[in-house]
Amino acid sequence: MEIRNTSRELVDALLPVRERESHKGDFGRILLLCGSVGYTGAAALAARAALRSGAGLIFLGVPERVYPILAAKLDEPMVFPLPDGSSGQLSRQAIPEIQQHLPSCDACLIGPGLGRSPDIWEIVHSVLDRAACPVILDADGLNAAAGHIDILRGAGCPLLLTPHEGEFARLGGDLSLGREASAIRLAEESGAIVLLKGHTTLVTDGQTVYRNRTGNPGMATGGSGDVLAGLLASLLGQGLAPLEAAAAAAWLHGSAGDAVAAGWGEYGLTPGDLIEALPRLLK
């Protein structure tokens, strides 16, 4: 087992050079499947984080019922409506259109604000079955996958899981082994890269472990994880390898929080503040 620490030097070495003659297609096409009635903020935060961290083209698929809200909130990402059910969550009728987008995308994020339903699991399963690009399961994407470790292991795409400890336990992770040993075991069992959030975030593919010590308690607020998910999708879309993208995202996310706390304190720190701090860390 190789143990590494995240660092400024690691991130600088991983970030792609932006050539003078670049165009938007050079920096990734990413697909975000997020949001539901009552949870439009999660989708907006993920999309804004992807934008502020350099993604070239961002496609945000949302339930039809909340499309007007998110289209009004977001100018730069391309928001598009997908079929939803009576609860305002994505329905299984959205699967054909989602699958049409997948072949042209460099990364896909599923989960922030989606809610829980059997239809959400069908959507997750269909993406894992059809995608060739890296796929991130976050938040309700992880909740949908609970009890389906065999499906995760059989995914036809590089898979990244970004649980906090509650989601980790629902996926079958056993924290009694200790956070590091537990994260390694889940990575081995799922065949996925695991980013276990918390004080000292851990990133592992079961063979290498990155330890990240950036971040502070001010980041323990709703929406912070949505920012991390959007940031990770952006880095994957820009061509970083999945394990290294997750390690870099953890460092950048925590460092953004530390930069905000240094200037404003921890108590009033918001997820939006993290997004606005990202460009200063990426220059």
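Start with the whole chain: of its contacts with a separation of 6 or more, 69% join residues 24 or more positions apart. Keep in mind that this is a predicted model.

**Stop 1: the whole chain**

Show the cartoon. The chain holds 12 helices and 10 strands. Its radius of gyration is 17 Å, close to the 19 Å that the globule rule gives for 283 residues, so the chain is as compact as a globular protein of that length. Rotate the C-alpha trace onto its principal axes, and it spans about 45 × 40 × 40 Å.

Switch on the surface. The accessible area is about 11800 Å², and carbon and sulfur atoms hold 50% of it. Of the 283 residues, 56% count as buried.

**Stop 2: the largest pocket**

Rolling a probe the size of a water molecule over the atoms shows where empty space is left. The largest pocket has about 830 Å³ of space. Select Lys 197, Met 219, Thr 221, Ser 224 and Gly 225: among the 36 lining residues, these are the closest to the pocket centre. Then colour the elements that give two or more residues to the lining, namely α2 (40-52), α8 (165-170), α10 (224-237) and α11 (242-264). Which element gives the most? Pick α10, with 4 residues.

Now colour the lining by class. You will find 10 nonpolar, 19 polar and 7 charged residues around the largest pocket.

**Stop 3: the second largest pocket**

Move on to the second largest pocket, with about 200 Å³ of space. Its lining draws on separate parts of the numbering. Select Arg 8, Asp 12, Leu 15, Pro 16 and Arg 18, then add Arg 52, Ser 53 and Gly 54, and finish with Gln 238, Leu 282 and Lys 283. By class, this lining has 3 nonpolar, 3 polar and 5 charged residues.

**Stop 4: Gly 35**

Centre on Gly 35, in the loop between β2 (29-33) and α2. Is this glycine buried or exposed? Gly 35 is buried, with a relative accessible area of 0%. Show its neighbours beyond four places in sequence: Gly 35 touches Ala 43, Pro 63, Pro 112, Gly 113 and Leu 114. For a distance check, draw a line to Ile 110. The two residues are 75 apart along the chain, and their C-alpha atoms are separated by 9.7 Å.

**Stop 5: Asp 106**

Next, select Asp 106, in the loop between α4 (95-101) and β5 (107-110). Asp 106 is partly exposed, at 33% relative accessible area. Leaving aside residues up to four places away in sequence, Asp 106 touches Gly 28, Arg 29, Cys 133, Pro 134, Leu 236 and Gly 237. Add Ala 233 to the view. Asp 106 and Ala 233 lie 127 residues apart in sequence, yet 8.9 Å apart in space, C-alpha to C-alpha.

**Stop 6: two positive phi angles**

Most residues other than glycine have a negative phi. Two residues here have a positive one.

Go to Ala 139, in the loop between β6 (135-137) and α6 (140-145). Its phi is positive, about 50 degrees, although Ala 139 is not a glycine. With 15% relative accessibility, under the 20% cut-off, Ala 139 counts as buried.

End at Thr 200, in the loop between β8 (193-196) and β9 (201-204). Thr 200 is not a glycine either, and its phi is positive at about 60 degrees. Thr 200 counts as partly exposed, at 21% relative accessibility.

Technical notes:
Residues numbered from 1 in each chain as written. Predicted model: local features only at pLDDT ≥ 70, side-chain atom pairs only at ≥ 80, totals over all residues. Heavy atoms only, no water. 1 Å grid on protein atoms, 1.4 Å probe; cavity = no way out; pocket = protein on both sides within 12 Å on 5 of 7 lines; lining within 4 Å. Points joined across faces, edges and corners; volume = space filled by probe spheres on them. Nonpolar A, V, L, I, M, F, W, Y, C, P; charged D, E, K, R; others polar. Rg over C-alpha atoms; globule rule 2.2 N^0.38 Å. Buried < 20%, exposed > 50% of the residue type's maximum accessible area, 1.4 Å probe, protein only. Contact = heavy atoms within 4.5 Å. Areas by Shrake-Rupley, 256 points an atom, 1.4 Å probe, with all protein chains shown as cover.
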